[in-house]
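This report walks through one protein model, from its overall fold to a few chosen side chains. Please keep the sequence and the structure in view while reading.

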Amino acid sequence: MKGATMKQKPVKNALIMYGSAYLVNAEEISPIFGQFYCFYCTSPMIYVCANESQKEHFVHDLTALTYQAADICPYLIPD
């Protein structure tokens with residue numbers, strides 16, 4: 001979905017594929033290994049580290065979204 005702009009809500013949970021799919025919480029997982037995916041649309045997610053203004057969370061990798069994901073995921077808001 002290149003070229004489209006989307007706003008995102010921070011996501012607390014994501015799926016990690018490690019043999020099987022596991023639901024993980026951003027505050028409880030180390031971002032060192034694995035690829036994370038959205039629970040709703042299965043698009044790839046990026047782990048965002050905590051800083052003074054935000055807790056750790058996940059956001060969608062906007063370069064890997066499909067039109068279908070943008071339509072069904074409640075964490076993606078079209079501009």
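## Overall make-up

How many helices and strands does the secondary structure of the protein chain come to? The chain has one helix and seven strands, where helices (H or I, at least four residues) and strands (E, at least two) are DSSP runs numbered from the N terminus. Read from the N terminus on, the elements follow the order β-β-β-β-β-β-α-β.

This is a predicted model, in which local features need pLDDT of at least 70 and side-chain atom pairs count only at pLDDT 80 or more, while totals for chains, interfaces and linings use all residues. Residues are numbered from 1 along each chain as its sequence is written, and side-chain values use heavy atoms, with hydrogens and water left out.

## The sheet

Five strands form an open sheet with antiparallel pairing, in the order β3-β2-β4-β5-β6; two strands count as paired if DSSP finds at least two bridges between them. The edge strands, β3 (20-25) and β6 (57-60), each pair on one side only. Between β2 and β3 the antiparallel pairing extends over six bridges, and Tyr18 stands opposite Ser20 in β3.

## The nonpolar core

Of the 79 residues of the protein chain, 32% count as buried, a word that here means under 20% relative accessible area, with exposed meaning over 50% and partly exposed in between (1.4 Å probe, protein chains only). A nonpolar core is a set of buried Ala, Val, Leu, Ile, Met, Phe, Trp, Tyr and Cys residues joined through side-chain atoms within 4.5 Å.

The largest such core has 18 residues, of which Val24, Ile29, Phe36, Met45, Tyr47 and Phe58 touch the most other members. The elements that give two or more residues to this core are β2 (13-18), β5 (44-48) and α1 (67-72).

## Cysteines and a salt bridge

The structure holds zero disulfides, a disulfide being a pair of cysteine sulfur atoms within 2.5 Å. For Cys73, the nearest cysteine sulfur is that of Cys38, 3.7 Å away. Cys73 itself is buried, with a relative accessible area of 5%.

A search of the whole structure finds one salt bridge, defined as a side-chain nitrogen of Lys or Arg within 4 Å of a carboxyl oxygen of Asp or Glu. The side chains of Lys55 and Glu27 meet in a salt bridge at 3.9 Å, N to O. This pair links distant parts of the chain, 28 residues apart, with Lys55 in the loop between β5 and β6 and Glu27 in the loop between β3 and β4 (36-37). Lys55 is exposed, with a relative accessible area of 57%, whereas Glu27 is partly exposed at 43%.
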